[in-house]
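Student: I have a structure to read and no idea where to begin. Can you walk me through it?

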Amino acid sequence: MSDLIVIGFDTQDEATAALTECKKLEKEYLLDLEDAVVVVRGADGKLHLQQSINLEKVGASYGLFSGGFWGALVGLLCLNPLAGFVAGSIVGAGAGAIAGKMSDYGIDDNFIKSLGSTIPANTSALFVLVRKSQPDKVLADLSQFKGHARVLQTSLSPANESKLREALGQMAAATPAA
């Protein structure tokens, strides 16, 4: 099961720097990200989402190749495979791009926008969906953001959440009174 972690940062650039660090950890096989999104709230208060996976491009690429194949096949039946390939590629790329734009992968966009709207202007947040990790090594590496980051939300166990908060130099979350 994947864990969702949302970390808020004091500046607009720190979430992008943290994502770059997470991708570096992923290349070292210390972290396995399912999805990651950087949310930046500008001085004007507008939210800007930077998805790590551009589904529009992925859909267009897939549609281009599959549309080209099927178009060439139909064109072959009509004795003009080149025209079929071109027409199929154009239609497939367009349909794939539309399908990619309308689909959602990983972290729900509505959740990202609703939680992102709570961060102050000129700050950013990093939303990560983690499949697996080596917590001790990842926390040691992310401690470079100590004092500039705070945990906004997480699905981690209370023990792991307190380790993350400690690595970021944040007080432990207040436990609700029974």
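**Reading a helix by its two sides**

Tutor: Start with α1. Thr20 and Lys27 are exposed on the other side of this helix, away from its buried face. Keep in mind that the model is predicted.

Student: Which residues of α1 are buried?

Tutor: Glu14, Ala15, Ala18, Leu19, Glu21, Cys22 and Leu25. They lie on the same side of α1, because they cover an arc of only 160° around the axis.

Student: Why do residues three or four places apart point the same way in an α-helix?

Tutor: An α-helix has 3.6 residues a turn, so residues at that spacing point the same way.

Student: What do the buried residues of α1 pack against?

Tutor: Three strands and a helix: β1 (3–9), β2 (31–41) and β4 (123–133), together with α5 (135–142).

Student: How do I check the span of α1?

Tutor: Count residues, then compare. Helix α1 covers residues 14–27, which is 14 residues. At 1.5 Å a residue, the helix should span 20 Å. The C-alpha atoms at its ends are 20 Å apart, so the two agree.

Student: What follows α1?

Tutor: Tyr29 follows, and its phi is positive, near 60°.

Student: Now the strands. In what order do they stand in the sheet?

Tutor: Read the sheet across, not along the sequence. The order is β3-β2-β4-β1-β5. These 5 strands form an open sheet, and the pairing is antiparallel.

Student: Which strands stand at the edges?

Tutor: β3 (47–51) and β5 (149–154). Each has a single partner strand, so one side of each is left without a neighbour in the sheet. From one strand to the next, the twist averages 20°.

Student: How many bridges join β2 and β4?

Tutor: The two strands pair over 10 bridges, in the antiparallel sense. For one position to look at, find Val38, which stands opposite Leu126 in β4.

Student: Now step back. How many helices and strands does the protein chain have?

Tutor: It has 6 helices and 5 strands. Along the sequence, they follow the pattern β-α-β-β-α-α-α-β-α-β-α.

Student: What share of the residues is buried?

Tutor: Of the 178 residues in the protein chain, 36% are buried. Buried here means under 20% relative accessible area. The accessible surface of the chain comes to about 10,600 Å², and 62% of that belongs to carbon and sulfur atoms.

Student: And what share of the contacts links residues 24 or more positions apart?

Tutor: Take the contacts with a separation of 6 or more. Residues 24 or more positions apart account for 71% of them.

Conventions: Residues are numbered from 1 along each chain as its sequence is written. This is a predicted model: local features need pLDDT of at least 70, side-chain atom pairs count only at pLDDT 80 or more; totals for chains, interfaces and linings use all residues. Side-chain values use heavy atoms; hydrogens and water are left out. Helices (H or I, at least four residues) and strands (E, at least two) are DSSP runs, numbered from the N terminus. Buried means under 20% relative accessible area, exposed over 50%, partly exposed in between (1.4 Å probe, protein chains only). Contact means heavy atoms within 4.5 Å. Accessible areas come from the Shrake-Rupley method with a 1.4 Å probe; for residues, only the protein chains shown count as cover. The expected span of a helix is 1.5 Å times one less than its number of residues. The arc is that of the directions from the helix axis to the C-beta atoms. Two strands pair if DSSP finds at least two bridges between them. Axes are lines fitted to C-alpha atoms, for helices over the stretch in contact, and angles run from 0 to 180 degrees between N-to-C directions.
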